[in-house]
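Subject: Structure for your review

Dear colleague,

Please find below the structure that I am handing over to you. I would be grateful if you could keep it open while reading the notes that come after it.

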Amino acid sequence: MTAGRLERPADASAPASIPASIPASAPASPAGRFREVADDDVEQVVGLWRACGLTRPWNDPYADVAEARRNPTSTVLLAGEQGAVVATVMAGTDGHRGWLYYVAVDPAARGRGLGRAAVAAGEAWLRTAGVRKVQLMVRSTNASVVGFYERLGYADQDTAVLGRWLDGSR
Ligand SMILES: CC(C)(COP(=O)(O)OP(=O)(O)OC[C@H]1O[C@@H](n2cnc3c(N)ncnc32)[C@H](O)[C@@H]1OP(=O)(O)O)[C@@H](O)C(=O)NCCC(=O)NCCS
């Protein structure tokens with residue numbers, strides 16, 4: 001989703017079709033607790049991803065955050081509690097489908113609806129961007145999380161995801 005044609009405009013305002021933050025209609029909902037990541041949040045966001053086992057040696061999480069924030073077609077949203085980042089979601093559109101990444105809830109804050117709210121926040125952002133269908137990938141080593149997404153109405157798309165690095169790094 002970040003292989004984009006677009007740079008965020010010089011005035012840093014996003015195109016009208018891309019929400020700069022959660023839509024105004026959302027604040028009353030749990031998803032309304034989420035806001036876009038700011039510079040000061042990045043360390044905590046990456047720390048949460050590490051604590052949740054979402055980082056991999058071949059992905060630089062700092063670059064992932066920076067890229068998603070730089071591109072107007074993507075974002076990283078978070079919820080905080082008492083100054084600590086407790087939940088995140090990365091959302092982006094590739095021009096056809098919307099995608100969610102880095103759905104994460106602090107282990108100490110799980111089971112309270114924050115995961116559901118994170119997904120709802122990502123969906124709200126994508127909906128405002130005009131996306132009709134949202135998808136996400138679950139690593140085969142993380143199959144136990146599939147039940148979480150099923151509770152939220154997601155279903156296996158009977159599709160294999162294939163990939164290849166284009167930068168020659170691997
Ligand atoms: C998956 C994760 C985000 C769930 O967060 P959470 O805050 O505990 O989830 P919620 O409390 O919002 O749960 C929402 C619903 O899913 C259910 N649920 C949560 N985890 C589940 C699981 N592993 N399997 C099945 N159901 C699950 C809850 O019981 C709840 O059901 P209900 O609302 O119908 O009663 C969290 O466990 C996490 O961060 N895991 C590690 C990171 C990860 O693997 N992310 C996904 C990458 S693809």
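The notes below go through the sheet, the helices, the ligand and one loop residue in turn.

Please bear in mind throughout that this is a predicted model.

The sheet

The strands form an open sheet of five, arranged in the order β1-β2-β3-β4-β5, and their pairing is mixed. At the edges stand β1 (35–36) and β5 (134–136); each has a single partner strand, so one side of each is left without a neighbour in the sheet. As general background, strands of a sheet pair through backbone hydrogen bonds, in either a parallel or an antiparallel manner. In this model, β3 and β4 run antiparallel and are joined by six bridges. Met90, for example, has Tyr101 in β4 as its bridge partner.

Two helices packed on the sheet

Helix α1 packs on the sheet and touches β2, β3 and β4. The direction of α1 makes about 90° with that of β3. Helix α3 also packs on the sheet, where it touches β2, β3, β4 and β5. For α3, the angle between its direction and that of β3 is about 35°.

Helix α2

Which residues of helix α2 (residues 61–70) are buried? They are Asp64, Val65 and Ala68. Seen down the axis of α2, these buried residues fall within an arc of 95°, so they line one face of the helix. Tyr62 and Ala63, on the other side of α2, are exposed. The buried residues of α2 pack against three elements, namely α1 (42–51), β2 (74–81) and β3 (84–93).

The surroundings of the ligand

There are 19 residues around the ligand, and of these Arg110, Gly115, Arg116, Gly147 and Phe148 come nearest. Sorted by class, the shell holds nine nonpolar, six polar and four charged residues. At least two residues of the shell are supplied by each of β4 (98–105), α3 (114–128) and α4 (146–151).

A residue in a loop

Met137 is found in the loop between β5 and α4. Is Met137 buried or exposed? A residue counts as exposed if 12 or fewer other C-beta atoms lie within 10 Å of its own. Met137 has 12 C-beta neighbours inside 10 Å, and therefore counts as exposed. Val161 lies 24 residues away from Met137 along the chain, and the C-alpha atoms of these two residues are separated by 8.2 Å.

Yours sincerely,

A colleague

Key
Residues are numbered from 1 along each chain as its sequence is written. This is a predicted model: local features need pLDDT of at least 70, side-chain atom pairs count only at pLDDT 80 or more; totals for chains, interfaces and linings use all residues. A residue is buried if 20 or more other C-beta atoms lie within 10 Å of its own, exposed if 12 or fewer, and partly exposed in between; C-beta atoms are placed from the backbone. Helices (H or I, at least four residues) and strands (E, at least two) are DSSP runs, numbered from the N terminus. The arc is that of the directions from the helix axis to the C-beta atoms. Two residues are in contact if their C-beta atoms, placed from the backbone, lie within 7 Å. A residue is near a molecule or strand if its C-beta atom, placed from the backbone, lies within 6 Å of it. Ala, Val, Leu, Ile, Met, Phe, Trp, Tyr, Cys and Pro count as nonpolar, Asp, Glu, Lys and Arg as charged, and the others, Gly among them, as polar. Two strands pair if DSSP finds at least two bridges between them. Axes are lines fitted to C-alpha atoms, for helices over the stretch in contact, and angles run from 0 to 180 degrees between N-to-C directions.
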